[in-house]
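Dear colleague,

Please find below the structure I agreed to hand over, with its sequence. My notes on what was found in it follow directly after.

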Amino acid sequence: QEVKSAMIRQVEYYFSDENLRTDSFLRGKMDLENAVELSIIAGFPKIKSMYPPSINATDSQAQCLLLAAVLQSSTQVVVDDARLTVRRKSSAPLPELVARRSSRNGSSGIVLGGERDPDKTVFVGNLSQQVTEVLLYELFSQIGPVDRVSIPPQAVDAGGGGGGHRGYGFVQFRDGPVNSSKHSVTYAVRVMHGVPLFGA
């Protein structure tokens with residue numbers, strides 16, 4: 001029952017105004033009714049960590065069925081009859097999407113706090129030009145608390161060519177109530193290694 005309640009609270013948080021103000025990844029997955037495919041939520045690392053041992057880690061169908069059953073008790077989100085999507089029960093409009101950004105020494109990035117610390121940082125390479133700092137922030141926030149994200153920009157030559165980014169970035173974790181930065185970095189490397197973004 002405790003795990004069930006924790007799972008409900010986590011999904012309700014994903015769809016809360018607090019999270020949706022900055023969660024461009026999740027909002028990008030929403031349809032016209034602000035619903036998200038249940039398989040996406042069921043595949044988030046924090047949700048996957050709550051499944052009982054009887055649920056195979058690679059059985060996405062079983063994970064979705066379990067999550068759909070659990071969310072029947074939610075007061076904030078609702079699963080459709082086909083058990084394919086989940087959305088907020090409230091019909092209120094979504095909050096305005098914002099991102100806190102900072103620019104230092106010509107390199108922009110999302111900065112939420114803390115000091116730069118290589119020991120807490122993950123290098124993310126082979127990034128498509130479609131990948132943004134906001135997307136990386138939202139993706140890695142599913143693994144642990146994130147302090148800052150940066151994707152170095154590509155230099156622009158005298159003729160105005162270039163631009164975009166250099167194809168790699170950095171994600172820095174912070175200590176949290178559950179995941180220490182060391183745990184988050186190790187977990188991120190294990191879970192995200194080889195995961196394609198936009199075919200990159």
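In this predicted model, strand 1 and strand 3 (residues 85-88) pair in the antiparallel sense, over two bridges. One residue pairing can be named: Glu37 has Thr85 of strand 3 as its bridge partner. Both strands belong to an open sheet of three strands in the order 1-3-2, with antiparallel pairing. Its edges are strand 1 (36-37) and strand 2 (77-79), each of which pairs on one side only. As general background, the strands of a sheet pair through backbone hydrogen bonds, either parallel or antiparallel.

Helix 1 covers residues 2-14, 13 residues in total. From first C-alpha to last, helix 1 reaches 19 Å, close to the 18 Å expected at 1.5 Å a residue. Which residues of helix 1 are buried? They are Met7, Ile8, Gln10, Val11, Glu12 and Tyr14. These buried residues pack against strand 2 and several helices, namely helix 2 (17-20), helix 3 (24-28), helix 4 (38-42), helix 5 (45-48) and helix 6 (60-70). Strand 2, an edge strand of the sheet, is thus also a packing partner of helix 1.

The second largest pocket may be of interest for your work. Its volume is about 360 Å³, and 18 residues line it. Val124, Gly125, Met192, His193 and Gly194 lie nearest the centre of this pocket. Strand 6 (121-124), helix 7 (133-140) and helix 8 (181-192) each supply at least two lining residues. By character, the lining divides into 14 nonpolar residues, four polar and no charged.

With kind regards

Notes: Residues numbered from 1 in each chain as written. Predicted model: local features only at pLDDT ≥ 70, side-chain atom pairs only at ≥ 80, totals over all residues. Heavy atoms only, no water. Pairing = 2+ DSSP bridges. Helix = DSSP H or I, 4+ residues; strand = E, 2+ residues; numbered from the N terminus. Expected span 1.5 Å × (residues − 1). Buried < 20%, exposed > 50% of the residue type's maximum accessible area, 1.4 Å probe, protein only. Contact = heavy atoms within 4.5 Å. 1 Å grid on protein atoms, 1.4 Å probe; cavity = no way out; pocket = protein on both sides within 12 Å on 5 of 7 lines; lining within 4 Å. Points joined across faces, edges and corners; volume = space filled by probe spheres on them. Nonpolar A, V, L, I, M, F, W, Y, C, P; charged D, E, K, R; others polar.
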